Amino acid sequence: MKRIYSAILGLIFALTLTFGSSVFGGVPEEEAGALKTTLTPLGAEKAGNADGTIPAWDGGLTKPAPGLKNGGKRPDLFPDEKPLFSITSENMGQYAEKLTEGTKALLEKYTGKFRIDVYPTHRTHAAPDWVYENTYKNALNGKIDGYEAVNVYGGTPFPIPKSGIEVMWNHLLRWRGTAVFLDFTGYVTTSTGKHVMQLASQNDYNYPYYYSDGTVDSYTGELQLVRSINVGPPIRAGEAITGRLAQEIGKTQTWVYITGQRRVRKLPLSCCDTPTPFSAGLASFDEVDVFTEPLSLERFDWKIIGKKEMYIPYNANKHLEPDSPEDILDDRYIKPDYVRWELHRVWVVEASLREGQRHTSPKNLYYIDEDSWIAVLADRWDANNQLWRSLITLPITAPDLPGVMSTAWGYYDLLGGTYFVNVIMTGKKSQYEVMPTYPDRTFTPDAMRGEGVR
(Lines give C-alpha, C1' and ligand atoms only; values in the text may rest on other atoms or scores of the structure.)
Protein backbone atom coordinates (compact mmCIF):
# COMPACT_ATOMS: atom_id res chain seq x y z
CA MET A 1 0.00 0.00 0.00
CA LYS A 2 2.83 2.37 0.88
CA ARG A 3 4.43 1.75 -2.54
CA ILE A 4 1.17 2.55 -4.31
CA TYR A 5 0.77 5.75 -2.28
CA SER A 6 4.33 6.81 -3.08
CA ALA A 7 3.82 6.09 -6.76
CA ILE A 8 0.68 8.25 -6.83
CA LEU A 9 2.47 11.12 -5.13
CA GLY A 10 5.33 10.81 -7.61
CA LEU A 11 2.96 10.91 -10.56
CA ILE A 12 1.18 13.99 -9.19
CA PHE A 13 4.50 15.76 -8.66
CA ALA A 14 5.65 14.90 -12.20
CA LEU A 15 2.43 16.27 -13.67
CA THR A 16 2.70 19.52 -11.75
CA LEU A 17 6.29 20.00 -12.93
CA THR A 18 5.02 19.78 -16.49
CA PHE A 19 1.68 21.56 -16.41
CA GLY A 20 1.09 23.32 -13.12
CA SER A 21 -2.28 23.06 -11.38
CA SER A 22 -4.58 25.11 -9.19
CA VAL A 23 -4.68 22.16 -6.81
CA PHE A 24 -1.12 22.91 -5.76
CA GLY A 25 -0.77 26.48 -4.53
CA GLY A 26 1.76 27.98 -2.16
CA VAL A 27 4.41 26.19 -0.13
CA PRO A 28 4.37 25.25 3.56
CA GLU A 29 5.56 27.87 6.01
CA GLU A 30 8.62 25.78 6.86
CA GLU A 31 9.64 25.73 3.20
CA ALA A 32 8.95 29.44 2.71
CA GLY A 33 11.26 30.09 5.65
CA ALA A 34 14.19 29.31 3.35
CA LEU A 35 13.64 32.78 1.83
CA LYS A 36 15.07 34.16 5.07
CA THR A 37 17.95 31.71 5.37
CA THR A 38 19.42 29.66 2.53
CA LEU A 39 17.62 31.45 -0.32
CA THR A 40 17.68 35.10 -1.30
CA PRO A 41 14.45 37.01 -0.57
CA LEU A 42 13.42 36.44 -4.21
CA GLY A 43 14.17 32.71 -4.25
CA ALA A 44 17.69 32.22 -5.63
CA GLU A 45 20.31 30.07 -3.93
CA LYS A 46 22.15 32.42 -1.60
CA ALA A 47 25.36 30.38 -1.58
CA GLY A 48 27.93 30.47 -4.34
CA ASN A 49 28.96 27.39 -6.29
CA ALA A 50 31.52 24.81 -5.23
CA ASP A 51 34.50 26.20 -7.15
CA GLY A 52 33.81 29.85 -6.35
CA THR A 53 33.15 30.96 -9.93
CA ILE A 54 29.66 32.02 -8.81
CA PRO A 55 29.89 34.06 -5.59
CA ALA A 56 27.40 34.09 -2.75
CA TRP A 57 24.66 36.73 -2.93
CA ASP A 58 25.44 39.49 -0.43
CA GLY A 59 22.42 41.76 -0.92
CA GLY A 60 23.06 42.91 -4.46
CA LEU A 61 24.23 46.30 -5.65
CA THR A 62 22.21 49.15 -4.16
CA LYS A 63 24.66 52.05 -4.20
CA PRO A 64 24.30 54.20 -7.36
CA ALA A 65 27.38 54.99 -9.42
CA PRO A 66 29.01 58.32 -8.42
CA GLY A 67 27.54 61.23 -10.33
CA LEU A 68 24.63 59.25 -11.83
CA LYS A 69 21.57 61.41 -12.35
CA ASN A 70 18.17 59.87 -12.88
CA GLY A 71 17.56 59.74 -16.59
CA GLY A 72 21.24 60.11 -17.42
CA LYS A 73 23.65 57.74 -19.13
CA ARG A 74 24.32 54.62 -17.11
CA PRO A 75 28.02 53.77 -16.83
CA ASP A 76 29.79 50.42 -16.87
CA LEU A 77 29.90 49.48 -13.18
CA PHE A 78 33.02 47.33 -13.57
CA PRO A 79 35.11 49.36 -16.03
CA ASP A 80 38.50 48.04 -14.89
CA GLU A 81 37.66 44.35 -15.26
CA LYS A 82 39.06 42.36 -18.16
CA PRO A 83 37.63 39.13 -19.57
CA LEU A 84 38.75 36.00 -17.75
CA PHE A 85 38.76 34.20 -21.10
CA SER A 86 36.95 34.13 -24.44
CA ILE A 87 34.94 31.31 -25.96
CA THR A 88 35.25 30.83 -29.72
CA SER A 89 34.37 28.12 -32.21
CA GLU A 90 37.84 26.63 -31.61
CA ASN A 91 37.49 26.07 -27.85
CA MET A 92 33.70 25.91 -27.41
CA GLY A 93 33.83 22.14 -26.84
CA GLN A 94 35.24 22.50 -23.35
CA TYR A 95 32.44 24.93 -22.38
CA ALA A 96 29.59 23.27 -24.29
CA GLU A 97 27.57 22.25 -21.23
CA LYS A 98 27.40 25.87 -20.10
CA LEU A 99 26.24 27.24 -23.46
CA THR A 100 22.75 27.35 -24.94
CA GLU A 101 22.08 25.60 -28.24
CA GLY A 102 21.58 28.98 -29.89
CA THR A 103 24.88 30.34 -28.60
CA LYS A 104 26.74 27.26 -29.85
CA ALA A 105 25.03 27.64 -33.23
CA LEU A 106 26.23 31.26 -33.48
CA LEU A 107 29.78 30.24 -32.63
CA GLU A 108 29.69 27.55 -35.33
CA LYS A 109 27.94 29.72 -37.93
CA TYR A 110 30.41 32.61 -37.58
CA THR A 111 33.60 30.64 -37.04
CA GLY A 112 36.58 32.80 -36.16
CA LYS A 113 34.46 35.94 -35.76
CA PHE A 114 31.76 35.60 -33.12
CA ARG A 115 33.03 35.10 -29.57
CA ILE A 116 31.92 35.26 -25.96
CA ASP A 117 33.98 37.30 -23.51
CA VAL A 118 33.49 35.85 -20.02
CA TYR A 119 33.95 38.22 -17.07
CA PRO A 120 33.91 37.66 -13.30
CA THR A 121 30.41 36.99 -12.00
CA HIS A 122 28.68 39.67 -9.94
CA ARG A 123 25.30 38.96 -8.35
CA THR A 124 24.03 42.52 -8.43
CA HIS A 125 20.26 42.05 -8.41
CA ALA A 126 18.31 43.56 -5.53
CA ALA A 127 14.86 44.96 -4.79
CA PRO A 128 13.20 47.13 -2.13
CA ASP A 129 12.37 45.54 1.21
CA TRP A 130 8.63 45.74 0.54
CA VAL A 131 9.13 43.59 -2.55
CA TYR A 132 10.92 41.01 -0.41
CA GLU A 133 8.07 41.05 2.10
CA ASN A 134 5.45 40.57 -0.61
CA THR A 135 7.49 37.74 -2.12
CA TYR A 136 7.34 35.85 1.18
CA LYS A 137 3.54 36.26 1.26
CA ASN A 138 3.32 35.09 -2.35
CA ALA A 139 5.30 31.96 -1.50
CA LEU A 140 2.62 31.02 1.03
CA ASN A 141 -0.47 32.05 -0.92
CA GLY A 142 0.27 32.08 -4.66
CA LYS A 143 -1.05 29.39 -6.94
CA ILE A 144 -1.65 28.53 -10.58
CA ASP A 145 -5.29 28.48 -11.59
CA GLY A 146 -5.35 26.88 -15.01
CA TYR A 147 -2.57 28.92 -16.62
CA GLU A 148 -2.96 32.06 -14.49
CA ALA A 149 -1.02 33.22 -11.45
CA VAL A 150 -3.46 34.16 -8.68
CA ASN A 151 -3.28 35.35 -5.04
CA VAL A 152 0.01 37.14 -5.72
CA TYR A 153 1.08 40.77 -5.68
CA GLY A 154 4.09 43.06 -5.48
CA GLY A 155 6.85 40.46 -5.48
CA THR A 156 8.13 37.31 -7.15
CA PRO A 157 4.95 35.19 -7.38
CA PHE A 158 6.56 31.76 -6.97
CA PRO A 159 10.00 32.16 -5.37
CA ILE A 160 10.16 28.42 -4.71
CA PRO A 161 8.78 27.18 -8.05
CA LYS A 162 7.44 23.67 -8.53
CA SER A 163 6.51 23.87 -12.22
CA GLY A 164 7.71 25.36 -15.47
CA ILE A 165 4.72 27.68 -15.72
CA GLU A 166 5.53 29.11 -12.29
CA VAL A 167 9.05 29.95 -13.44
CA MET A 168 7.64 31.73 -16.49
CA TRP A 169 5.26 33.75 -14.31
CA ASN A 170 8.27 34.74 -12.20
CA HIS A 171 9.74 36.22 -15.37
CA LEU A 172 6.50 37.94 -16.40
CA LEU A 173 6.03 39.42 -12.91
CA ARG A 174 9.67 40.17 -12.15
CA TRP A 175 10.70 43.35 -10.35
CA ARG A 176 11.63 46.16 -12.78
CA GLY A 177 10.39 49.26 -11.03
CA THR A 178 6.97 50.89 -10.73
CA ALA A 179 7.17 53.38 -13.60
CA VAL A 180 9.93 54.13 -16.11
CA PHE A 181 10.60 56.08 -19.29
CA LEU A 182 12.65 54.51 -22.10
CA ASP A 183 13.99 56.28 -25.19
CA PHE A 184 15.33 53.75 -27.68
CA THR A 185 15.85 52.57 -31.24
CA GLY A 186 15.43 49.24 -33.00
CA TYR A 187 17.45 47.89 -35.93
CA VAL A 188 17.29 44.94 -38.26
CA THR A 189 20.52 43.80 -39.89
CA THR A 190 19.95 42.16 -43.25
CA SER A 191 21.67 39.04 -44.57
CA THR A 192 24.03 41.34 -46.47
CA GLY A 193 25.09 43.07 -43.24
CA LYS A 194 23.18 46.32 -43.75
CA HIS A 195 21.77 48.00 -40.61
CA VAL A 196 18.25 49.38 -41.11
CA MET A 197 16.55 51.40 -38.41
CA GLN A 198 13.03 50.12 -37.85
CA LEU A 199 11.94 52.47 -35.11
CA ALA A 200 12.98 55.27 -32.80
CA SER A 201 10.54 55.27 -29.94
CA GLN A 202 9.74 57.12 -26.72
CA ASN A 203 8.01 54.95 -24.19
CA ASP A 204 6.16 55.30 -20.88
CA TYR A 205 5.61 52.27 -18.65
CA ASN A 206 3.62 51.60 -15.51
CA TYR A 207 3.83 48.28 -13.65
CA PRO A 208 0.60 48.14 -11.59
CA TYR A 209 1.60 44.82 -10.06
CA TYR A 210 4.34 46.76 -8.27
CA TYR A 211 2.42 49.80 -7.06
CA SER A 212 3.92 50.12 -3.58
CA ASP A 213 0.62 51.17 -2.00
CA GLY A 214 -1.35 48.31 -3.53
CA THR A 215 -2.49 44.96 -2.16
CA VAL A 216 -3.66 41.63 -3.50
CA ASP A 217 -7.25 42.79 -2.99
CA SER A 218 -6.83 46.18 -4.71
CA TYR A 219 -4.78 44.87 -7.65
CA THR A 220 -6.62 45.25 -10.98
CA GLY A 221 -4.80 42.39 -12.69
CA GLU A 222 -2.88 44.52 -15.21
CA LEU A 223 0.81 43.72 -14.98
CA GLN A 224 2.14 46.26 -17.51
CA LEU A 225 0.86 49.44 -19.13
CA VAL A 226 2.82 50.87 -22.04
CA ARG A 227 2.53 53.82 -24.42
CA SER A 228 4.99 54.08 -27.30
CA ILE A 229 5.28 57.02 -29.70
CA ASN A 230 7.51 56.59 -32.74
CA VAL A 231 9.67 59.58 -33.64
CA GLY A 232 11.56 57.85 -36.45
CA PRO A 233 12.47 56.81 -39.03
CA PRO A 234 10.54 59.46 -40.99
CA ILE A 235 8.21 56.94 -42.63
CA ARG A 236 7.08 55.72 -39.17
CA ALA A 237 7.13 59.01 -37.26
CA GLY A 238 3.84 59.61 -35.49
CA GLU A 239 2.86 55.97 -35.20
CA ALA A 240 1.88 54.90 -31.70
CA ILE A 241 0.88 51.84 -29.73
CA THR A 242 -0.77 51.56 -26.34
CA GLY A 243 -0.98 48.28 -24.49
CA ARG A 244 -2.58 47.12 -21.27
CA LEU A 245 -1.03 43.74 -20.58
CA ALA A 246 -3.29 41.73 -18.31
CA GLN A 247 -2.45 38.95 -15.93
CA GLU A 248 -5.75 37.26 -16.66
CA ILE A 249 -5.40 35.13 -19.77
CA GLY A 250 -7.01 36.76 -22.81
CA LYS A 251 -7.71 40.15 -21.18
CA THR A 252 -4.78 42.06 -22.74
CA GLN A 253 -5.82 45.07 -24.85
CA THR A 254 -3.70 46.82 -27.48
CA TRP A 255 -4.41 49.81 -29.72
CA VAL A 256 -2.37 51.31 -32.55
CA TYR A 257 -2.47 54.77 -34.10
CA ILE A 258 -2.13 54.52 -37.88
CA THR A 259 -0.79 57.74 -39.38
CA GLY A 260 -2.07 57.13 -42.92
CA GLN A 261 -5.63 56.76 -41.64
CA ARG A 262 -5.30 59.18 -38.72
CA ARG A 263 -7.20 56.63 -36.69
CA VAL A 264 -6.77 54.52 -33.58
CA ARG A 265 -7.59 50.87 -34.05
CA LYS A 266 -7.78 48.06 -31.54
CA LEU A 267 -5.72 45.05 -32.48
CA PRO A 268 -7.89 41.93 -32.68
CA LEU A 269 -5.07 39.65 -31.51
CA SER A 270 -2.04 40.95 -29.65
CA CYS A 271 -0.47 37.74 -28.54
CA CYS A 272 1.59 34.73 -29.24
CA ASP A 273 3.23 34.39 -32.67
CA THR A 274 1.37 37.37 -34.16
CA PRO A 275 3.91 39.95 -35.43
CA THR A 276 3.91 43.03 -33.24
CA PRO A 277 3.86 46.57 -34.68
CA PHE A 278 6.20 47.43 -31.81
CA SER A 279 8.96 45.75 -33.84
CA ALA A 280 7.68 46.73 -37.28
CA GLY A 281 6.37 43.18 -37.55
CA LEU A 282 9.82 41.58 -37.27
CA ALA A 283 9.25 39.90 -33.91
CA SER A 284 6.19 38.22 -32.47
CA PHE A 285 4.35 39.48 -29.41
CA ASP A 286 5.69 36.66 -27.28
CA GLU A 287 9.31 37.40 -28.31
CA VAL A 288 9.29 40.88 -26.78
CA ASP A 289 11.75 40.85 -23.84
CA VAL A 290 12.40 37.20 -24.85
CA PHE A 291 8.95 36.31 -23.48
CA THR A 292 6.09 38.68 -22.65
CA GLU A 293 2.63 37.44 -23.54
CA PRO A 294 0.63 35.50 -20.87
CA LEU A 295 -1.80 34.17 -23.48
CA SER A 296 1.03 32.14 -25.00
CA LEU A 297 1.14 30.13 -21.79
CA GLU A 298 -2.06 28.36 -22.85
CA ARG A 299 -0.55 27.08 -26.08
CA PHE A 300 2.29 25.12 -24.53
CA ASP A 301 3.12 22.51 -21.95
CA TRP A 302 5.80 23.87 -19.61
CA LYS A 303 8.43 21.69 -18.01
CA ILE A 304 11.38 22.47 -15.76
CA ILE A 305 14.43 20.80 -17.28
CA GLY A 306 16.53 21.80 -14.29
CA LYS A 307 18.75 24.51 -12.91
CA LYS A 308 22.16 24.84 -14.56
CA GLU A 309 25.27 26.97 -14.45
CA MET A 310 25.43 28.75 -17.80
CA TYR A 311 27.16 31.67 -19.49
CA ILE A 312 24.65 34.46 -20.06
CA PRO A 313 24.78 38.21 -20.79
CA TYR A 314 24.77 40.09 -17.47
CA ASN A 315 25.70 43.46 -15.98
CA ALA A 316 25.84 44.62 -19.61
CA ASN A 317 25.98 48.38 -18.95
CA LYS A 318 29.01 48.58 -21.23
CA HIS A 319 26.80 48.42 -24.32
CA LEU A 320 25.19 51.75 -23.30
CA GLU A 321 28.42 53.75 -23.49
CA PRO A 322 29.03 54.33 -27.25
CA ASP A 323 27.64 57.42 -28.98
CA SER A 324 25.46 55.66 -31.54
CA PRO A 325 23.37 52.47 -31.67
CA GLU A 326 25.18 51.37 -34.81
CA ASP A 327 28.47 51.42 -32.88
CA ILE A 328 27.43 48.19 -31.14
CA LEU A 329 26.12 46.40 -34.25
CA ASP A 330 28.29 44.17 -36.39
CA ASP A 331 27.22 42.78 -39.75
CA ARG A 332 26.01 39.48 -38.24
CA TYR A 333 25.68 40.00 -34.47
CA ILE A 334 25.99 42.47 -31.62
CA LYS A 335 29.69 43.30 -31.33
CA PRO A 336 31.31 41.00 -28.74
CA ASP A 337 33.32 43.92 -27.33
CA TYR A 338 30.10 45.36 -25.89
CA VAL A 339 28.49 42.19 -24.49
CA ARG A 340 29.58 41.11 -21.04
CA TRP A 341 28.95 37.39 -20.31
CA GLU A 342 29.05 35.89 -16.83
CA LEU A 343 28.48 32.48 -15.25
CA HIS A 344 25.13 32.33 -13.46
CA ARG A 345 22.65 29.69 -12.36
CA VAL A 346 19.57 29.66 -14.56
CA TRP A 347 16.32 27.77 -14.62
CA VAL A 348 15.91 25.91 -17.92
CA VAL A 349 12.26 25.61 -18.99
CA GLU A 350 11.01 23.73 -22.03
CA ALA A 351 7.83 24.82 -23.82
CA SER A 352 6.28 22.16 -26.08
CA LEU A 353 3.26 22.98 -28.23
CA ARG A 354 0.09 21.43 -26.86
CA GLU A 355 -1.95 19.12 -29.05
CA GLY A 356 -4.48 21.09 -31.08
CA GLN A 357 -2.58 24.39 -30.74
CA ARG A 358 -0.67 26.31 -33.42
CA HIS A 359 2.53 28.35 -33.22
CA THR A 360 5.48 29.11 -35.49
CA SER A 361 7.82 27.70 -32.81
CA PRO A 362 6.47 24.34 -31.57
CA LYS A 363 9.47 23.85 -29.28
CA ASN A 364 11.27 26.43 -27.14
CA LEU A 365 13.86 26.49 -24.38
CA TYR A 366 14.01 29.46 -22.00
CA TYR A 367 16.91 30.30 -19.70
CA ILE A 368 15.82 32.34 -16.66
CA ASP A 369 18.34 33.94 -14.30
CA GLU A 370 17.76 32.71 -10.73
CA ASP A 371 18.46 36.11 -9.13
CA SER A 372 16.43 38.52 -11.28
CA TRP A 373 14.03 36.01 -12.92
CA ILE A 374 14.83 37.57 -16.31
CA ALA A 375 14.55 35.24 -19.30
CA VAL A 376 17.96 36.20 -20.63
CA LEU A 377 18.22 33.74 -23.52
CA ALA A 378 15.92 31.41 -25.44
CA ASP A 379 16.11 28.92 -28.29
CA ARG A 380 13.23 28.42 -30.73
CA TRP A 381 12.71 25.57 -33.19
CA ASP A 382 10.51 25.81 -36.28
CA ALA A 383 7.88 23.37 -37.55
CA ASN A 384 10.61 21.32 -39.27
CA ASN A 385 12.43 20.91 -35.94
CA GLN A 386 15.25 23.16 -37.10
CA LEU A 387 16.88 25.47 -34.57
CA TRP A 388 15.52 28.73 -35.93
CA ARG A 389 15.94 31.68 -33.61
CA SER A 390 18.23 32.47 -30.71
CA LEU A 391 16.64 35.13 -28.48
CA ILE A 392 18.70 37.42 -26.27
CA THR A 393 18.45 40.36 -23.91
CA LEU A 394 21.23 42.44 -22.38
CA PRO A 395 20.44 42.96 -18.67
CA ILE A 396 21.85 46.12 -17.12
CA THR A 397 22.37 46.90 -13.45
CA ALA A 398 20.49 49.90 -12.04
CA PRO A 399 21.54 50.23 -8.37
CA ASP A 400 19.38 53.34 -7.94
CA LEU A 401 16.20 51.34 -8.55
CA PRO A 402 17.72 48.91 -7.38
CA GLY A 403 17.88 45.85 -9.60
CA VAL A 404 19.03 44.15 -12.78
CA MET A 405 16.76 45.13 -15.68
CA SER A 406 16.37 43.72 -19.19
CA THR A 407 17.04 46.33 -21.88
CA ALA A 408 18.09 45.64 -25.48
CA TRP A 409 16.42 42.46 -26.70
CA GLY A 410 16.16 40.70 -30.02
CA TYR A 411 16.84 37.55 -31.97
CA TYR A 412 19.32 35.96 -34.32
CA ASP A 413 17.72 34.20 -37.29
CA LEU A 414 20.03 31.21 -37.57
CA LEU A 415 18.50 30.10 -40.86
CA GLY A 416 18.15 33.44 -42.66
CA GLY A 417 21.30 35.10 -41.35
CA THR A 418 19.53 38.27 -40.20
CA TYR A 419 19.16 39.66 -36.71
CA PHE A 420 16.93 42.17 -34.98
CA VAL A 421 17.67 44.22 -31.85
CA ASN A 422 15.16 46.51 -30.16
CA VAL A 423 15.22 48.77 -27.07
CA ILE A 424 18.75 49.97 -27.85
CA MET A 425 19.35 52.91 -25.53
CA THR A 426 22.95 53.34 -26.67
CA GLY A 427 23.71 56.98 -27.41
CA LYS A 428 20.59 58.26 -25.67
CA LYS A 429 20.78 60.95 -23.00
CA SER A 430 18.15 59.08 -20.98
CA GLN A 431 18.73 55.40 -20.18
CA TYR A 432 16.10 53.65 -18.07
CA GLU A 433 14.72 56.71 -16.32
CA VAL A 434 12.83 56.02 -13.09
CA MET A 435 9.55 57.97 -13.04
CA PRO A 436 6.67 58.78 -10.70
CA THR A 437 3.68 56.61 -11.47
CA TYR A 438 1.90 57.89 -14.58
CA PRO A 439 -1.84 58.64 -14.42
CA ASP A 440 -3.87 55.69 -15.65
CA ARG A 441 -5.40 57.82 -18.42
CA THR A 442 -1.94 57.95 -20.05
CA PHE A 443 -2.52 54.42 -21.26
CA THR A 444 -5.83 54.81 -23.07
CA PRO A 445 -6.71 55.00 -26.76
CA ASP A 446 -8.11 58.51 -26.24
CA ALA A 447 -4.77 59.74 -24.90
CA MET A 448 -2.95 58.15 -27.80
CA ARG A 449 -5.32 59.72 -30.30
CA GLY A 450 -4.43 63.12 -28.85
CA GLU A 451 -0.71 62.38 -29.29
CA GLY A 452 -1.00 61.74 -33.04
CA VAL A 453 1.35 64.02 -34.96
CA ARG A 454 0.54 63.03 -38.52
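**How the words fit this model**

Tutor: Pro402 lies in the loop that runs between strand S15 (387–397) and strand S16 (404–413). The structure is a predicted model, in which local features need pLDDT of at least 70 and side-chain atom pairs count only at pLDDT 80 or more, while totals for chains, interfaces and linings use all residues. Residues are numbered from 1 along each chain as its sequence is written, and side-chain values use heavy atoms, with hydrogens and water left out.

Student: How many helices and strands are there in the chain?

Tutor: The chain has six helices and 18 strands; these are DSSP runs, numbered from the N terminus, where a helix is a run of H or I of at least four residues and a strand is a run of E of at least two.

Student: What is the peptide bond from Leu401 to Pro402, cis or trans?

Tutor: That bond is cis, with omega near -10°, and a second cis bond, with omega near -5°, leads from Gly232 to Pro233. Pro233 also sits in a loop, the one between strand S7 (222–232) and strand S8 (240–246). As a general background, most peptide bonds are trans.

Student: Why is the chain called as compact as a globular protein of that length?

Tutor: The radius of gyration, taken over C-alpha atoms, is set against the globule rule, which is 2.2 Å times the number of residues to the power 0.38. For 454 residues the rule gives 22 Å, and the chain has 21 Å, which is close, so the description is justified.

Student: Why is Val290 called buried?

Tutor: A residue is buried under 20% relative accessible area, exposed over 50%, and partly exposed in between (1.4 Å probe, protein chains only). Val290 has a relative accessible area of 1%, so it counts as buried.

Student: Which word fits Arg262, buried or exposed?

Tutor: Arg262 is exposed, because its relative accessible area is 62%. Arg262 is found in the loop between strand S9 (253–258) and strand S10 (263–266), and although Arg262 is not a glycine, it has a positive phi of about 55°. Val290, in the loop between S10 and strand S11 (300–313), has a positive phi as well, of about 75°.

Student: And why is Phe85 called partly exposed?

Tutor: Phe85 has a relative accessible area of 26%, so it falls in the class between the two limits. Phe85 belongs to strand S1 (residues 85–87). Beyond residues up to four places away in sequence, Phe85 touches Tyr95, Ile116, Asp117, Val118 and Tyr311, where contact means heavy atoms within 4.5 Å.

Student: How do you know that helix H5 is largely enclosed by the rest of the structure?

Tutor: Nine of the nine residues of H5 (residues 164–172) are buried, so that conclusion follows; among them are Val167, Met168 and Trp169.

Student: What makes a set of residues a nonpolar core?

Tutor: The members are buried Ala, Val, Leu, Ile, Met, Phe, Trp, Tyr and Cys residues joined through side-chain atoms within 4.5 Å. The largest such core has 64 residues, of which Trp169, Leu297, Trp302, Tyr366 and Ile368 touch the most other members. H5 gives the most to this core, with five residues. A second, separate core of 43 residues includes Val339, Val346, Val404 and Val421.

Student: Which residues is Tyr366 in contact with?

Tutor: Leaving aside its neighbours within four places in sequence, the contacts of Tyr366 include Met168, Val290 and Trp302.
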